[in-house]
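Please look through the structure shown here before reading on. The paragraphs that follow begin with a single residue and then widen to the whole chain.

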Amino acid sequence: MARGTLEDTYVAALQHDLADVPPEATMVGVVRRPTAWFQAAVDENVPALGPPDDLLEETKRAEEDLKLSGFCEEEAHNASWEQVGFESRYREHLETAEEARAALADLEERLEVGESLVLVCFENTAKKRCHRTILREWLSSG
């Protein structure tokens, strides 16, 4: 059996029919604290693959400080990633957190048996960085 496909998109694209995703694909949310409207847009959510709470909170604080200093929302969001070392810390979470490792193994197994998955989060990556692109890269190299 062929390996399943792996894509990613953001929730607003799903809600407004802007996402070009395979109709048979499973929409997998990867957010730590999904809202009800987010849950309604995906088939399932895997909170263990969202960034850890401390990283989210530190990034949000850095983003708010940057906005107060004159950065626009997108610039502040992206600059906060650099400021807190988001990418390396998220990768460390994927490597070391037992719940994240188990969730990654589950998604990898599902891809191996041919299931098509679409990772879903909040950010439009045309404008803002998002952990799901790191997650997609991780699963694609696995």
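**From one histidine to the whole fold**

His77 has its place in helix α4, which covers residues 73-84; helices here are DSSP runs of H or I with at least four residues, strands are runs of E with at least two, and both are numbered from the N terminus. The model is a predicted one, in which local features need pLDDT of at least 70 and side-chain atom pairs count only at pLDDT 80 or more, while totals for chains, interfaces and linings use all residues. Residues are numbered from 1 along each chain as its sequence is written, and side-chain values use heavy atoms, with hydrogens and water left out.

Is His77 buried or exposed? His77 counts as buried because its relative accessible area is 7%, where buried means under 20% relative accessible area, exposed means over 50%, and partly exposed lies in between, with a 1.4 Å probe and protein chains only. When its neighbours within four places in sequence are left aside, His77 is in contact with Glu63, Glu123, Lys128 and Arg129, a contact being heavy atoms within 4.5 Å.

Helix α3, residues 53-68, holds Thr59. Thr59 is likewise buried, since its relative accessible area is 6%, and, again without neighbours up to four places away in sequence, Thr59 is in contact with Ser80, Trp81, Val84 and Phe86.

With these two residues in mind, the reader can turn to the overall plan. The protein has seven helices and four strands, and along the sequence these follow one another in the pattern β-α-β-α-β-α-α-α-α-β-α.

The four strands form an open sheet with the order β1-β4-β2-β3 and parallel pairing. At its edges stand β1 (6-10) and β3 (44-45), each of which pairs on one side only; two strands are taken to pair if DSSP finds at least two bridges between them. Following the sheet across, one finds that β1 pairs in the parallel sense with β4, residues 117-121, over five bridges, and that within this pairing Thr9 has Val120 of β4 as its bridge partner. Four bridges then join β4 to β2, and these strands also run parallel. Val120 appears here once more, as the bridge partner of Gly29. Two bridges connect β2 with β3 in the parallel sense, and in β3 the residue opposite Gly29 is Asn45.

How are the two faces of β2 covered? Thr26 and Val28 on one side, and Met27 and Gly29 on the other, are all buried.

The loops add further detail to this picture. Val42 sits in the loop between α2 (36-41) and β3, and Val42 counts as buried because its relative accessible area is 8%. Apart from neighbours within four places in sequence, Val42 is in contact with Met27, Gly29 and Val120. Val42 and Thr9 are 33 residues apart in sequence, and their C-alpha atoms are 11 Å apart in space.

Asp17 belongs to the loop between α1 (11-15) and β2 (26-29). This residue counts as exposed because its relative accessibility is 72%, and its phi is near 55°, a positive value in a residue other than glycine. Lys127 lies in the loop between β4 and α7 (131-141), where Lys127 touches Glu74 and Asn78 if residues up to four places away in sequence are not counted. The C-alpha atoms of Lys127 and Leu18, which are 109 residues apart along the chain, are separated by 15 Å.

Finally, the chain can be considered as a whole. Its C-alpha trace spans about 55 × 35 × 25 Å along the principal axes. For 142 residues a compact globule would have a radius of gyration near 14 Å, and the protein, with 15 Å, agrees with this; the radius is taken over C-alpha atoms, and the globule rule is 2.2 Å times the number of residues to the power 0.38. Of the 142 residues, 42% count as buried. Among contacts with a separation of 6 or more, 65% come from residues 24 or more positions apart. The accessible surface comes to about 7600 Å², of which 49% belongs to carbon and sulfur atoms, as computed by the Shrake-Rupley method with a 1.4 Å probe, and for residues only the protein chains shown count as cover.
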